[in-house]
Amino acid sequence: MRDGQAAAVCFPRDGDEVAACVRAARRHGVPFVARGSGTGLAGGATPVDEPLVIVTTRMNRLLDVDAASRVAVVEPGVLNLDLSRAVAGLGLHYAPDPSSQQACTIGGNVATNAGGPHCLASGVTSAHVLAVEVVLADGTVAQFGGLAPDTPGYDLRGVFVGSEGTMGIATRVTVRLTPNAPVVRTMLLDFMSIEDAAATVSGIIAAGLIPAALEMMDAEITRAVEDFVGAGFPRDAAAVLLVEVDGLTGGVAAEVDMVDRVGRAHGARHVRIARDDAERELLWKGRKSAFGAIARIAPDYYLHDAVVPRTKLVDVLRTVYSVAAEQQLTMMNVFHAGDGNLHPLIVFDGREPGVWERVHDAGSRILGACIDAGGVLSGEHGVGLEKRDLMSLQFSADDLEAQGRLVDAFDPDGVANPRKVLPAGARCGEVVASRASVPDGAWI
Amino acid sequence: MTTTAVIDAATPVVRALCDTIDPIVISGADTHGDVGNPVAAARIATVSIASGVVAYDPDDMTVTVLAGTTVGEVRALLGEHGQEVTLDPRSDTATVGGTIAAGLSGVRRLRHGPIRDTVLEVRIVDGRATIIKGGGPVVKNVTGYDIPRLFVGSLGTLGAIVQVTLRCRPSAPVRAWYRVERDATGAAALAEALYRPSSVLWDGAGLHVLLEGHAEDLTAQAMAAGLGHADVGEHAPELPDAAHRGRISVPASRAVDVGHALGALDGVHWTAELGVGTIHVACDTAAALGAARAVAERHDGWLLREAGGDGIDGFGTAIPNRALAARVKAAFDPDGRFAPGRIPQ
């Protein structure tokens with residue numbers, strides 16, 4: 001399941017070539033899968049059924065920026081952080097900021113409806129995509145959405161974002177740009193227990209504040225990050241909170257004060273406010289390097305992505321740690337605490353005999369616990385291949401069939417990234433002839 | 001797991017689907033009944049959905065209600081905890097289900113985003129009389145396909161919305177509407193000078209600006225933007241109202257031009273949401289509404305009929321991606337039982 005095999009790989013340079021690739025795949029009776037930078041964590045771009053892999057990385061032009069309207073038009077292969085850098089001089093940025101933003105593409109972000117720490121206040125990708133030009137599974141080109149605030153008929157743009165490549169390939173994306181806040185303050189709070197940190201998160205929200213970002217890291221991850229980045233994260237804390245507030249002077253001052261008060265009321269040992277941009281960037285580098293820092297600890301990791309209601313965070317964390325202990329696995333946690341999006345990280349050595357079974361078992365149990373707590377399977381990574389067969393934990397057979405019919409409306413023949421997202425049986429005419437299953441000598 | 005509340009609320013819809021062959025129209029408070037096209041049928045089965053708050057967790061920032069619950073009731077409940085949802089219909093008597101199905105965002109869209117970003121989960125009855133859940137009950141979710149967004153603005157054509165879970169947010173500590181006279185250039189300049197205003201409404205002569213936040217920031221912003229001598233009030237300005245109403249949608253950069261063009265027409269009253277591109281239009285005659293639509297279409301936009309406008313099509317412009325849209329409709333409602341013709345196919 002971790003590896004895939006492609007029939008062929010192509011690197012189109014523009015939308016016409018993408019359409020030509022899709023039509024070529026159709027002519028040869030082969031499915032297709034789009035791929036950006038391949039940073040996806042759910043296997044959404046893993047080639048299954050020997051498809052034609054259509055890589056968008058050569059389509060990396062920023063086509064237009066309208067500063068007055070705060071709109072940009074990009075090709076799908078533009079890297080997320082490159083877009084923000086390109087418009088920084090205009091006092092603008094592109095808000096969805098996944099940890100992988102140095103490497104991931106806008107097209108990939110659209111496919112997964114990517115989030116990131118700053119989506120707590122500003123929304124995920126779907127809230128920032130105004131329009132997409134899409135090559136559909138039949139090779140025709142469609143426009144979903146537009147520059148006007150509303151388009152007549154159904155929100156096909158909204159359905160396409162997050163459809164993980166199963167509805168077509170985005171060849172042009174129109175995005176909203178966000179003005180940079182005049183004032184930003186980034187704070188690091190450290191705690192002697194995870195419960196205190198989680199209680200602080202709840203306290204902040206209950207006090208009527210939605211920070212620009214609200215991230216939590218447990219002791220293990222904090223130590224790993226500090227060893228790697230040296231940003232001054234306390235190595236002896238049980239948990240740290242990275243909180244960012246932005247806006248205008250008065251509001252920011254009041255919010256910093258509130259975070260400080262709530263934190264101290266829940267046992268925060270230190271409350272540190274970054275003094276300048278350099279310190280702020282270092283703190284964020286620490287947070288965003290969390291997964292890379294793991295490499296210094298063990299050769300393999302399995303990163304999970306699930307969401308629970310914020311109020312259930314502490315209970316679910318206890319379950320997460322106890323599952324890890326039972327399976328004798330090292331577990332670390334970093335998460336978007338503000339919106340209950342957990343990223344339990346199981347750290348291990350894949351060469352250890354029998355470890356993969358324990359890792360998968362732990363993962364399933366963690367996801368089950370999250371669903372039981374009223375959460376969902378994926379907060380931002382997507383379902384892809386990884387969680388496809390767990391979809392029935394969250395959705396009934398009727399729900400899955402309805403989703404299957406929706407995808408079928410876009411892709412009646414099931415050739416756009418087949419076998420992803422929905423489990424077998426959810427779609428009509430599920431039997432997609434895989435080349436591997438065609439007898440030798442047969443001619444298609 | 002489908003709850004008793006949902007099953008009970010869904011029952012009248014299921015009955016209508018099974019006991020009659022008439023097209024089904026869900027009726028709430030009858031506030032959005034004329035949006036789009038009329039249902040193409042001589043006889044209609046009208047069904048109402050029950051109201052009731054199913055769950056509200058201020059700490060989780062979500063509220064779940066049956067679709068027949070009024071927006072006013074939700075506003076009051078959330079207000080007790082200093083929270084709100086981004087549903088701003090013209091009248092608080094509108095139901096949550098109706099407001100979502102109509103998909104008409106309110107005048108604070110500039111800051112708080114459109115209605116579609118508010119809906120987290122929907123439970124619907126589809127054309128096969130099956131209860132379907134789409135989305136998820138938490139504020140962050142990408143599991144499966146975005147059926148909630150599909151239902152926003154679907155005008156009851158894909159199924160009956162029975163229950164919804166909405167994203168809440170804390171209300172700002174202070175809010176104030178500022179009113180000043182400004183021409184087009186002044187209006188645009190003022191909008192530019194503000195950091196994330198909640199609403200900037202312009203009717204050709206006057207500007208109404210909503211600022212929300214901390215008191216000292218409002219004062220500082222107002223001063224810096226030249227609103228120092230503005231009339232300040234708590235209440236939103238009245239949107240234009242007349243027998244024939246519609247909503248123009250154009251790229252935000254065209255809104256001022258559209259305003260000028262509308263101003264030159266007889267019998268057209270309008271208010272533009274600067275920075276958004278929505279222009280609210282109310283006309284004395286259906287013909288004037290048609291003329292307003294022509295203006296919208298000349299500016300890369302379109303006009304949605306909201307009320308009156310006899311003889312005027314609900315949408316005017318061709319619905320994009322018709323074949324695909326028809327397949328999406330058929331996916332949920334294969335026999336065309338729900339509000340046929342409300343959205344042309």
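Here is a short walk through one helix in chain A and one cavity in chain B of this predicted model.

Let's start with helix 1 of chain A, residues 15-27. With 13 residues at 1.5 Å a residue, this helix should span 18 Å, and its end C-alpha atoms are indeed 18 Å apart, so the two values agree.

Now look at which way its residues face. The buried ones are A:Gly15, A:Val18, A:Ala19, A:Cys21, A:Val22 and A:Ala25. Around the axis they cover an arc of only 155°, which means that they sit on the same side of helix 1 of chain A. The spacing helps here: an α-helix has 3.6 residues a turn, so residues three or four places apart point the same way. Over on the other side of helix 1 of chain A you'll find A:Asp16 and A:Arg27, both exposed.

What do the buried residues of helix 1 of chain A pack against? Their partners are strands of chain A: strand 1 (8-10), strand 2 (32-35), strand 3 (52-55), strand 7 (129-135) and strand 9 (169-176).

Next, the cavities. The count comes to 3 of 30 Å³ or more, and the largest has a volume of about 60 Å³. Its lining is made up of B:Val71, B:Val74, B:Arg75, B:Leu78, B:Gln83, B:Glu84, B:Val85, B:Leu87, B:Asp88 and B:Arg108. Two elements of chain B give two or more residues to that lining, helix 2 (71-79) and strand 5 (83-85). Helix 2 of chain B provides the largest share, 4 residues. Sorted by class, the lining of the largest cavity is a mix: 5 nonpolar, 1 polar and 4 charged residues.

Note on methods: Residues numbered from 1 in each chain as written. Chains lettered and ligands numbered in written order. Predicted model: local features only at pLDDT ≥ 70, side-chain atom pairs only at ≥ 80, totals over all residues. Heavy atoms only, no water. 1 Å grid on protein atoms, 1.4 Å probe; cavity = no way out; pocket = protein on both sides within 12 Å on 5 of 7 lines; lining within 4 Å. Points joined across faces, edges and corners; volume = space filled by probe spheres on them. Nonpolar A, V, L, I, M, F, W, Y, C, P; charged D, E, K, R; others polar. Expected span 1.5 Å × (residues − 1). Buried < 20%, exposed > 50% of the residue type's maximum accessible area, 1.4 Å probe, protein only. Arc of directions from axis to C-beta. Contact = heavy atoms within 4.5 Å.
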